[in-house]
Amino acid sequence: MDYSNNNPYLQSATVPPATTNGYGTNGNRSMGKIRDALNRCGKRVELATRKAEVYADNFWHHFKVSPSLADAAIARIAQGTKVLAEGGHDKVFQQTFEVLPGEKLLNAYACYISTSTGPVIGTLYVSSKKVAFCSEYPFCYYSSTGQQQWMYYKVVVQLDRLRAVNPSSNRANHSEKYIQIVTKDGHEFWFMGFISYDKALKQLCEA
C-alpha cells in the first residue's frame, strides 16, 4: 500500500502489534468454518425467490473478486462477528471514523476498493456527512525510515467534496459492476464486488 501519494482522502490507522497476528499471511484458517458459512448461505438461497438468487449471484461474485476465496469468506465472517459484538454498524462506524456533530450513518455495504496492489476487501459507509471506506484487515506498510507498521486502508470523502458517482460494468461480463466516485479536486475511487450493488448505487446517488 502506498500512503505517500499525497491523496487527501486516504487515511491510515496504526494497528497495535498484538492485533496483527495472522493478517499478513494465509495462516492456519479453518476451512470447515468457511464451508459451513457457505453452506448456510446456500441453504437460504434454495428457499428464496428470484430476487434472492440475484443476491446470491452478487454474494458469489463478491467472493470471486478477492485473490483468495478463503480470505474473503473469513473477512465477511469476521466483519459480521464484529458488527454483532459492537452492537451494529453504527457503533463500528463511530469507532472507525471521526463522527461530525449531527452525523448519522445511513447504510453500510460490503465491497472492495481498487488499489495499485489489487482489490482490498472492506466496508463502504454512507452517512449524512461523508462516504467512507475501511479495509477488513490491516496491511503491512514500511515508512520512509524502513520501519514496519500495520495500518487499515481507509478513505474518507465529505459529501460536499463529491463531484460525481458513476456506475460502470465490465463489457465482457456484465455481472462485474463497479461504482466510481469522483471528488471535486479530481481524485477517483473505484469500488466493486458489492453484495447489494443496486442499493449501494442508489444510496450514493442520493447522497
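**Aromatic pairs and nonpolar cores**

The structure, a predicted model, holds 6 aromatic pairs. One of these brings together Y178 and W190, whose ring centres lie 6.5 Å apart with 80° between the planes, an edge-to-face arrangement. This pair links distant parts of the chain, as Y178 belongs to strand β7 and W190 to strand β8, 12 residues apart. W190 is partly exposed, its relative accessible area being 31%. For F194 and Y197, the ring centres are 6.0 Å apart and the planes meet at 70°, so this pair is edge-to-face. Both F194 and Y197 are buried. Elsewhere, a single aromatic cluster is formed by F93, F97 and Y125.

F93 also leads to helix α4, which spans residues 89–96 and in which V92, F93 and T96 are buried. Viewed down the axis of α4, the buried residues fall within an arc of 100°, so they line one face of the helix. A helical turn helps to picture this: an α-helix has 3.6 residues a turn, so residues three or four places apart point the same way.

Turning to the interior, the largest nonpolar core comprises 25 residues, and F133, V155, F191 and F194 have the most contacts inside it. At least two residues of this core come from each of several elements, including β2 (105–115), β5 (148–158) and α5 (197–206). The most is given by α5, with 4 residues. V155, leaving aside its neighbours within four places in sequence, is in contact with Y9, L10, F97, I113, V131, A132, F133 and F189. A second, separate core has 10 residues, among them V83, F97, L105 and V156.

Methods
Residues are numbered from 1 along each chain as its sequence is written. This is a predicted model: local features need pLDDT of at least 70, side-chain atom pairs count only at pLDDT 80 or more; totals for chains, interfaces and linings use all residues. Side-chain values use heavy atoms; hydrogens and water are left out. Buried means under 20% relative accessible area, exposed over 50%, partly exposed in between (1.4 Å probe, protein chains only). The arc is that of the directions from the helix axis to the C-beta atoms. A nonpolar core is a set of buried Ala, Val, Leu, Ile, Met, Phe, Trp, Tyr and Cys residues joined through side-chain atoms within 4.5 Å. Contact means heavy atoms within 4.5 Å. Rings of Phe, Tyr and Trp (its six-membered ring) pair if their centres lie within 6.5 Å; planes under 30 degrees apart count as stacked, over 60 as edge-to-face and the rest as tilted.
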